[in-house]
Amino acid sequence: MPPILLAVDKTYPKGLMWFRRDLRVDDNAALYQALRACRQVVCVFVFDRAILDPLPRVDRRVEFIRDSLLELDAELQALSGGLIVRHAAAVDEIPALAHELDVQAVFANRDDEPDALARDAQVLGALANAGVSFHTFKDSTVFDRDELLNKTGQPYTVFTPYKRAWLAKVDSFFLKSYPVRAHADALAPPPEAYRGAVPTLEEIGFQKSNLSELEIPTGTSGAAALFEDFFQRIDRYDAARNFPAVRGPSYLGVHLRFGTVSVRQLAEVAHQLSLQGDAGAATWLSELIWREFYFQILAHFPHVHSGGESKSFRPEYDKIQWHHGKHADQLFEAWCQGRTGYPLVDAAMLQINQSGYMHNRLRMVVASFLCKDLGLDWRRGERYFALHLNDFELASNNGGWQWASSSGCDAQPYFRIFNPVTQSERFDPEGKFIRRYLPQLAGLSNAVIHAPWTASPVELEAAGIKLGENYPKPVVDHAEAREKTLQRYGVARAKALQK
Ligand SMILES: Cc1cc2nc3c(=O)[nH]c(=O)nc-3n(C[C@H](O)[C@H](O)[C@H](O)COP(=O)(O)OP(=O)(O)OC[C@H]3O[C@@H](n4cnc5c(N)ncnc54)[C@H](O)[C@@H]3O)c2cc1C
């Protein structure tokens, strides 16, 4: 289905554009539709207390949003509009604002996460009671959940046919940008009583994180700068993307998460380049398609995450008896803090802890290590990522963890178990990434840096390393852990087959 346009231009005297995970003006579907449908459009963003209140008081994502709002507000003001920013429960605030501002319709881009759907259902109800329409639009994906179904009308559960169908269907219609600026004359500044600066972090109860020290660029200008940089090397993405010490990926995840970049525009560039034979662009486009694949999995199979709880896509995997108790908790702590004694795993965990980013290859390695080396429930790792990743996306995170733990729809087979040492030798051969995050290991040779316990006492001493003191001994033996995992998964699968 093509995007649905409202039938009649200027249907409403006044509308409210509610920004959520779409913090940009250009190519914003709901903003475009609002400007077409209303004579006047007022814009609002709500720091939703339902989302913010449970978070720790330092959160890079909140700061990313706040900084991006400064730019969005400035852009809207330059177009004679502006942004009302509230710190409240969105379910109450949006209907209240709709009433106070006397609008006839509210516009927003769709968000298919379960909590967002529940919130929107509540808002829809409250608005409907007041006679106000609520229009939502597809914006964060190229294809909506029901736009790509298989021949029998069922959702795809395997990536390759999904990707094939995606590529067969995509065309300039689905990728073209919404010309928001051509209709910007309908933007209205907030009424006097609603104007004011975007609140500071302190005003919404947060403290500064290290976002600016990390130089993570925010807002649409930040996304544009990252893409410009990536565009110069997109042709090498294929070759570079697996090596965490190399600047291979785009680092656009957080921008896709908060909509400071349009996925249509990114996909259009990648699609055009791939049609011209650019293998790097084709692989990168595949990654954007993986994102949509997981979005539609979450939408069609809500059991994978509902009521705040994740369940295996394949129910038999929920029968696995994970390691639990005090020792399991200690192993989990060691994993979280980067103290497992496996350098690549530890360096990766320090990367996420210090920056909120983790390279894709490393996400696979540490996720596999958590469930297949430590024998811990993958949901513990999923929750940790949810709290720490700047680009945390429920669908992709759940999909990634289910892939690694083999419980997912199109997952790594359960008997494929990453060896954290050979992964390290293969993808960080010179130990550059390890040395960046674990400088205490810098003096080890490339031959042993991936497994310091294999170094001779002389080499350890020369490098200033005392295993168990300034770098941990391995918390598990990979070969033993592998056997236990095969048993653990085998028992669960056998039990499921008996039923
Ligand atoms: C255990 C695990 C957890 C993950 N959690 C998340 C998450 O919370 N949020 C998230 O966006 N991605 C997640 N991923 C996917 C992937 O690791 C990140 O999207 C990627 O590392 C982000 O870096 P980038 O923006 O530089 O990516 P690039 O390599 O430049 O890719 C471009 C974009 O494509 C999308 N993408 C890339 N790979 C994947 C993938 N495998 N699945 C879905 N989308 C993908 C992302 O939106 C990404 O920003 C997870 C992967 C694993 C294995």
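# A guided tour, starting at helix 18

In helix 18, residues 420–427, the buried residues are Pro420, Val421, Gln423, Ser424 and Phe427. Look down the axis of helix 18: these buried residues fall within an arc of 165°, so they line one face of the helix. Keep in mind as you go that you are looking at a predicted model.

**Stop 1: the start of helix 18.** Now select Asn419 and Val421. Which end of helix 18 does Asn419 cap? Asn419 caps the N-terminal end, with a side-chain oxygen 2.8 Å from the backbone nitrogen of Val421.

**Stop 2: the loop before helix 18.** Step back to Ser406, which sits in the loop between helix 17 (394–404) and helix 18. Ser406 is not a glycine, yet its phi is positive, at about 70°. Is Ser406 buried or exposed? Its relative accessibility is 1%, and buried means under 20%, so Ser406 counts as buried.

**Stop 3: another positive phi.** Next, select Asp102, in the loop between helix 4 (90–100) and strand 4 (105–109). Asp102 also has a positive phi, about 60°, although it is not a glycine. Its relative accessibility is 54%, and exposed means over 50%, so Asp102 counts as exposed.

**Stop 4: strands 4 and 5.** From Asp102, move on to strand 4 and show strand 5 (residues 133–137) with it. In what sense do strand 4 and strand 5 pair? They pair in the parallel sense, over five bridges. To see one place where they face each other, select Asn109, which stands opposite Phe137 in strand 5. Then add helix 5, residues 114–129: strand 4, helix 5 and strand 5 make a right-handed β-α-β unit.

**Stop 5: strands 1, 2 and 3.** Now show strand 1 (residues 12–19) and strand 2, which pair in the parallel sense over seven bridges. Select Trp18 to find one of the partners: its bridge partner in strand 2 is Val44. Add helix 1, residues 29–37, and you have a right-handed β-α-β unit made of strand 1, helix 1 and strand 2.

Keep strand 2 on screen and add strand 3, residues 83–88. Strand 2 and strand 3 pair in the parallel sense over six bridges. Val44 turns up again here, since its bridge partner in strand 3 is Ile84. Val44 therefore has a bridge partner in strand 1, Trp18, and a bridge partner in strand 3, Ile84.

How many of the 11 residues of strand 2 are buried? Nine of them are, so strand 2 (residues 38–48) is largely enclosed by the rest of the structure.

**Stop 6: a buried histidine.** Select His255, found in helix 10 (residues 253–258). At 0% relative accessibility, His255 counts as buried. Which residues does His255 touch, leaving aside those up to four places away in sequence? They are Phe64, Pro217, Thr218, Gly219, Gly222, Ala223, Leu226, Thr260 and Val261. Try showing their side chains together with His255.

**Stop 7: the whole chain.** Finally, zoom out and colour the chain by domain. The domain assignment gives domain 1 (8–139), domain 2 (140–178 + 220–300) and domain 3 (309–492). The C-alpha centres of domain 1 and domain 2 lie 25 Å apart. Their contact takes 22 residues from domain 1 and 29 residues from domain 2.

Notes:
Residues are numbered from 1 along each chain as its sequence is written. This is a predicted model: local features need pLDDT of at least 70, side-chain atom pairs count only at pLDDT 80 or more; totals for chains, interfaces and linings use all residues. Side-chain values use heavy atoms; hydrogens and water are left out. Buried means under 20% relative accessible area, exposed over 50%, partly exposed in between (1.4 Å probe, protein chains only). Helices (H or I, at least four residues) and strands (E, at least two) are DSSP runs, numbered from the N terminus. Two strands pair if DSSP finds at least two bridges between them. A crossover is right-handed if, with the strands pointing away from the viewer, the path from the first strand over the helix to the second runs clockwise. The arc is that of the directions from the helix axis to the C-beta atoms. A polar contact is a pair of N or O atoms within 3.5 Å; within protein, one must be able to donate a hydrogen and the other to accept it, and residues adjacent in sequence count only if both atoms are side-chain atoms. Contact means heavy atoms within 4.5 Å. Domain bounds come from an automatic or database domain assignment.
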